[in-house]
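Before reading on, please turn the model slowly and follow the chain from its N terminus to its C terminus. The paragraphs below are meant to be read with the structure in view.

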Amino acid sequence: MFLHVGDDVVVSLKDLILILDLRSAAHAEATRTFLRRCAAEGRVLSGSEANAKSVVVTRDGVHYSPISSLTLMRRANLLRQALPGQLVW
């Protein structure tokens, strides 16, 4: 199963690690450091911080998403409920 994170980008739910609200996450120095490190290492896979509402962290890197973290979590939970036992959380 895949989660649409905006801008024609989908991520595999089995690779999904976490979804962050960008506005809340920006208050934490550790999160800002993590996101700067991802950018420096070329692990920002899609989107930009300028238009993002959330950050989707996967095994391969991060995706800045224009979709709110609550909407992304709701979508992920709907997929999980539709196919129980097929997703890794």
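What follows goes from the overall fold to the strand pairings and then to a few individual residues.

The model is a predicted one, and the protein it shows contains three helices and six strands. Read from the N terminus, these elements come in the order β-β-β-α-α-β-β-β-α. The radius of gyration of the protein is 13 Å, close to the 12 Å that the globule rule gives for 89 residues, so the protein is as compact as a globular protein of that length. Taken along the principal axes, the box filled by the C-alpha atoms is roughly 35 × 25 × 20 Å.

Several whole-chain values complete this general picture. Of the 89 residues, 36% count as buried, and the accessible surface of the protein comes to about 5,600 Å², with 54% of that area belonging to carbon and sulfur atoms. Among the contacts with a separation of 6 or more, 50% are made by residues 24 or more positions apart. As for charge, the protein has 11 positive and 8 negative charges, and the mean positions of these two sets are 6 Å apart.

The N-terminal part of the chain offers a convenient place to begin with the strands. S1 (2-6) and S2 (residues 9-12) pair in the antiparallel sense over four bridges, and one of the partnerships between them places Gly-6 with Val-9 in S2. The two strands form a hairpin with two residues between them. Asp-7 lies in the loop between S1 and S2, and Asp-8 is found in that loop as well.

What is the backbone angle phi of Asp-7 and of Asp-8? Phi of Asp-7 is near 55 degrees, a positive value in a residue other than glycine, while Asp-8 has a positive phi of about 60 degrees although it, too, is not a glycine. These angles deserve attention because most residues other than glycine have a negative phi. Asp-7 counts as exposed, since its relative accessibility is 58% and the cut-off for exposure is over 50%. Asp-8 is likewise exposed, with a relative accessible area of 78%.

Ser-12, which is found in strand S2, gives a contrast in the environment of its side chain. Is Ser-12 buried or exposed? With a relative accessible area of 13%, Ser-12 is buried, because buried means under 20% relative accessible area. When residues up to four places away in sequence are left aside, Ser-12 touches Met-1 and Phe-2.

Further along the chain, strand S6 (residues 62-65) takes part in two pairings. Strand S4 (residues 44-46) and S6 pair in the parallel sense over two bridges, with Val-44 standing opposite Val-62 in S6. Strand S5 (residues 54-58), by contrast, runs antiparallel to S6 and is joined to S6 by four bridges, and the partner of Val-55 in S6 is Tyr-64. S5 and S6 also form a hairpin, with three residues between them. Which residues of S6 lie on each of the two faces of the strand? Val-62 and Tyr-64 are on one side and His-63 and Ser-65 on the other, and since all of these are buried, both faces of S6 are covered.

The helices can be approached through two of their residues. Thr-31 has its place in helix H2 (residues 29-40) and, at 17% relative accessibility, counts as buried. Beyond the residues up to four places away in sequence, Thr-31 touches Leu-20 and Ala-25. The C-alpha atoms of Thr-31 and Leu-3, which are 28 residues apart along the chain, are separated by 23 Å.

Ser-69 belongs to helix H3 (residues 69-82) and is buried, with a relative accessible area of 11%. Which residues does Ser-69 touch, not counting residues up to four places away in sequence? They are Ile-19, Leu-20, Asp-21 and Ser-54. Leu-20 is thus touched by Ser-69 and also by Thr-31, while the contact with Ser-54 links Ser-69 to a residue of strand S5 (residues 54-58). The C-alpha atoms of Ser-69 and Lys-14, 55 residues apart along the chain, are separated by 18 Å.

Conventions:
Residues are numbered from 1 along each chain as its sequence is written. This is a predicted model: local features need pLDDT of at least 70, side-chain atom pairs count only at pLDDT 80 or more; totals for chains, interfaces and linings use all residues. Side-chain values use heavy atoms; hydrogens and water are left out. The radius of gyration is taken over C-alpha atoms; the globule rule is 2.2 Å times the number of residues to the power 0.38. Buried means under 20% relative accessible area, exposed over 50%, partly exposed in between (1.4 Å probe, protein chains only). Contact means heavy atoms within 4.5 Å. Accessible areas come from the Shrake-Rupley method with a 1.4 Å probe; for residues, only the protein chains shown count as cover. Lys and Arg count as positive and Asp and Glu as negative; His and the chain ends are not counted. The place of a charge is taken as NZ of Lys, CZ of Arg, CG of Asp or CD of Glu. Two strands pair if DSSP finds at least two bridges between them.
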